[in-house]
Amino acid sequence: MAKTNSLDAQTLISMYRTMAIIRNFEETMVNVYMEGKMPVFDIAGGTVPGEMHLAAGQEPVAVGVCAHLNDNDTVTAPHRAHHFAIAKGVDLKKMAAEIFGKDTGLGHGKGGHMHLFDQQKKFGCSGIIGAGMPVACGAALAAKKNGKDWVAVSFFGEGTANQGSFHESLNLAALWKLPVIFVCEDNSYAISVPKSKSTSIANNADRAASYGIPGFEIAENDVLAVYEAAREAVARARRGEGPSLMEVKTYRYLGHFQGDPELYRPKDEVAKLRESDPINKLGRQLIEQGAISEGDLVALDQEAAEKVKEAIEFARQSPYPQPADALKHVFV
Amino acid sequence: MSQVMDNATQTERLLTTSKAIAEGIAQEMERDPSVFVMGEDVGVYGGIFGSTTGLFERFGGDRIMDTPISETAFIGAATGAAMEGMRPIVELMFVDFFGVCMDQIYNHLAKNTYMSGGNQKIPVVLTTAFGGGYSDAAQHSQCLYGLFAHLPGLKIVVPSNAYDAKGLMISAIRDDNPVMFFMHKGIMGLGWMTPLPSAMAHVPEEPYTIPFGKAAIKQAGDNVTIVTLGIMVHRAMDAAKQLAAEGIQAEVIDLRTLVPLDTATIVESVKKTHRLLIVDEDYLSFGMSGEICARVVEEALDYLDAPVKRLAVPDVPIPYSRPMEQFVLPNAEKIIEAARNLARM
Ligand SMILES: Cc1ncc(C[n+]2csc(CCOP(=O)(O)OP(=O)(O)O)c2C)c(N)n1
Ligand SMILES: [Mg+2]
C-alpha cells in the first residue's frame with residue numbers, strides 16, 4: 001500500500017497497539033462471559049450476566065477514526081461499544097469493572113456493558129438503536145456555540161441507518177453545519193437481518209447526498225483506509241465546514257450477541273473473513289516496511305494481552321456495590 | 001376461574017409460552033389470510049423471544065416480514081394496513097424501545113378509533129417483550145405496561161403461562177381493537193433464560209380463546225389477597241406455598257389483562273380476605289399498583305383490615321449489577337415477608 005508510507009511509523013504502531021488491545025479484550029470477554037454459564041447456558045448467570053455484544057473484527061473503524069480525536073472531542077457509540085471505548089482512550093480497568101458490575105466501574109455497576117460513560121474521555125453509548133446521533137449533534141452544537149474546534153463522532157451499525165434519528169440528525173447537522181462525523185460500520189447484519197433485506201440502497205454513504213454533505217465509502221476493513229477518509233472528515237468538521245458521513249465495510253467475527261446461534265449466515269462465512277484479518281494485515285505491513293521486527297510484533301501482542309489481563313483482574317478483585325446503592329444516582 | 005382451564009388439562013401436550021404463542025398465530029394465519037406478521041428478526045430468527053418460531057418456514061417472507069430497524073415506519077404501517085382491513089401482528093422487540101415510535105402507538109394506533117367516532121376498526125396486535133432479572137440493565141429490562149394502560153385506546157394483555165398465552169393471543173388477533181400483547185421474557189421458555197417450568201402448560205392443539213378482563217384465581221385462600229401478573233404470578237405462587245406452611249392462606253390472582261381490568265374479582269377477593277398485597281415488576285409510582293389500590297379503596301374500603309401493601313420497583317431505573325437489580329425487583333421472599341406482615345395486622 002503506497003499510502004502506508006505517508007503515515008509515520010509511530011502512528012501506525014500506535015494503531016496496531018490499540019487494535020491488538022481491542023481484539024484481546026473482546027476475545028477474553030468471550031471466555032469470561034461463559035464462566036458460570038456452563039454446562040447450561042443461562043443469560044442471568046455467571047461472572048458477567050446479561051447481553052454481550054462483541055466487536056472482534058471491527059477494530060479498524062474505531063481505531064482509524066479515533067486516531068484523529070483528542071480528549072476534547074466527543075464520541076457516541078451504540079450497543080456494541082467496547083472497541084469504540086478503547087479507541088477513545090476510556091480507562092480499561094474501569095470499563096472492565098463496569099462490565100463486571102463492580103462498584104469501581106465507570107458507572108458504579110449501574111450501566112453495564114451497553115451503557116458505558118466516561119466524562120473525562122467524553123465517551124458515551126446506548127442500547128437504543130439510533131440514540132447516539134442526536135446526542136452527537138448536541139455535543140457539536142455546544143462546541144460551535146462555544147467557538148471551539150472540537151468535533152463529535154457518532155458510530156453506529158448499518159442497520160441503524162434506517163432509523164428515523166439517522167435522517168433527522170443528518171439533516172440537522174447539515175442545516176446547522178455542525179462539526180459531526182457520522183460513522184456507519186457495515187458488518188452486513190443487524191442481528192439476523194442482512195443489509196440487502198433492510199436497506200433500499202447498497203451504500204449508506206450515498207445517503208449523504210440527500211443532505212448535501214460529503215459521503216465516504218470505505219470498501220475495505222482496513223485501518224489505513226479508514227484513517228485516510230476520517231482525516232478529511234474530521235479536518236472539515238474542525239474547519240467549521242460541517243458534517244460528513246462515512247460508511248466502512250467491516251466484519252463481525254462473533255455472533256450478534258454471545259449465545260447467538262447464527263443460523264442466518266453460512267457456517268464458513270466467518271472463517272473466510274478471518275483470512276483477511278485487519279490486524280494481521282497491519283502487522284505484516286509494519287514488518288514489510290521495516291518499521292518493526294517480528295519480535296517487536298510479538299511484544300506488542302504480549303503488551304496488549306498484559307494490559308487486558310490487568311484490567312480483568314482489577315474487575316474481578318473489585319467489590320460489588322451494596323444492594324441499596326440501587327437507590328442512589330437517580331438525580332445528582 | 002375458567003371452565004376453559006379445566007378442559008385444557010385434559011390434553012397432555014406441554015408447550016413453552018413462545019411455542020404456544022407461535023401456534024396461536026399460525027392457526028389464525030391459516031384461518032384468516034389477512035393476518036400477517038412484521039417485526040425485527042421475526043423471520044429466519046423466529047423472533048428474539050421466539051414468538052414467531054417456525055412461522056417463516058411455514059408461511060414465507062410475504063406473511064412473516066423482517067423489517068428494517070424503523071419502528072415508527074413499520075408500527076405505523078400496521079395501523080395503516082389495519083385500516084385497510086388487514087389484521088397485522090407487529091413486534092416491538094423490547095418494550096423499552098417504544099420511545100422511538102411512541103407517536104404512532106399512542107396518537108394513532110390508540111386514538112384513530114375514537115377520533116373517527118367509533119367508525120374505524122384497527123385490529124392490530126402489538127407484541128412486545130418485557131421484564132428484567134437477568135442483568136440487561138436500564139434500557140432492556142422495563143415492564144411499562146402501566147404506562148400503556150394509562151393511555152386510553154389500547155387493550156393490554158399480560159399472560160403468565162403458555163396456556164393463557166395461546167388463548168389470549170387468538171382473542172387478540174380476533175379483536176377489532178388495538179391490543180398490546182406483553183410477553184415476559186422469563187415465561188417464554190427460551191433455552192438461554194433461567195428455566196421456569198411452571199410457565200409451561202398443557203396447551204390444546206385446537207384453537208381456543210380466553211376472554212379479556214377475566215382474571216384467573218390461581219389459588220384460593222382466606223387470609224390475604226395477592227394480585228399480580230406476568231412472571232410475578234409464579235413468584236407469588238412460590239410464596240403462597242411457603243405462606244401456607246406457616247398457616248397463612250393466600251389467594252393469588254393473575255390479572256391476565258390490565259385493560260380491561262377485572263376489578264370485580266379483586267374486590268370480591270378483598271371482601272373475603274380483608275388484606276391486599278399488590279405485586280408489580282413495574283415502577284411503583286403512578287402505575288398498576290396504585291390503580292388497583294385506588295379501585296379497592298373506592299369499592300371495598302370498609303372491608304380492609306390493614307393498609308394496602310404494594311411491592312414494586314422503587315422508582316429507579318433497573319440497575320445492571322446483579323446485587324442492585326435483585327434489590328429492586330420483587331421476588332418470592334419479599335412477597336412472603338409482605339404477606340406475613342399483612343396477615344399479622
Ligand atoms: C430502537 C431499537 N430497536 C431495536 C433494537 C434491537 N437491536 C439491538 S442491536 C440491533 C441490530 C443493530 O444492527 P446494526 O445497527 O447493524 O449494528 P450491529 O449490531 O451490527 O453492530 C437491533 C435491532 C434496539 N436496541 N433499539
Ligand atoms: Mg450491523
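What follows is a conversation about how chain A, chain B and ligand 1 meet in this predicted model.

Student: What makes the approach of B:Glu71 to ligand 1 a polar contact?

Tutor: A polar side-chain atom of B:Glu71 lies 2.5 Å from a nitrogen atom of ligand 1, and the cut-off for a pair of N or O atoms is 3.5 Å, so the pair counts as a polar contact.

Student: Why is the pair formed by A:His256 and ligand 1 called a polar contact too?

Tutor: Here a polar side-chain atom of A:His256 lies 3.4 Å from an oxygen atom of ligand 1, and because the limit is 3.5 Å, this pair also counts. A backbone N or O atom of A:Gly159 lies 2.9 Å from an oxygen atom of ligand 1.

Student: How do you know how much of ligand 1 is covered by the protein?

Tutor: Taken alone, ligand 1 exposes 580 Å², and the protein buries 98% of that area. Ligand 1 lies between chains A and B, with 21 residues around it, the closest being A:His79, A:Arg80, A:Gly127, A:Thr160 and B:Glu71.

Student: How do you know how much area chain A and chain B bury between them, and which residues of chain A supply most of its share?

Tutor: The two chains bury about 3200 Å² between them, 63% of it on carbon and sulfur atoms, and A:Ile43, A:Ile128 and A:Gln163 supply 15% of the area that chain A buries against chain B, more than any other three residues.

Student: What count of salt bridges does the rule find across this interface?

Tutor: The rule finds 0 salt bridges across the interface of chain A and chain B, while the count of residue pairs in polar contact between these chains is 17.

Key. Residues numbered from 1 in each chain as written. Chains lettered and ligands numbered in written order. Predicted model: local features only at pLDDT ≥ 70, side-chain atom pairs only at ≥ 80, totals over all residues. Heavy atoms only, no water. Buried area = accessible area lost by both parts, 1.4 Å probe. Salt bridge = Lys/Arg side-chain N within 4 Å of Asp/Glu carboxyl O. Polar contact = N/O pair within 3.5 Å; in protein donor to acceptor, adjacent residues only side chain to side chain. Near = heavy atom within 4 Å. Areas by Shrake-Rupley, 256 points an atom, 1.4 Å probe, with all protein chains shown as cover.
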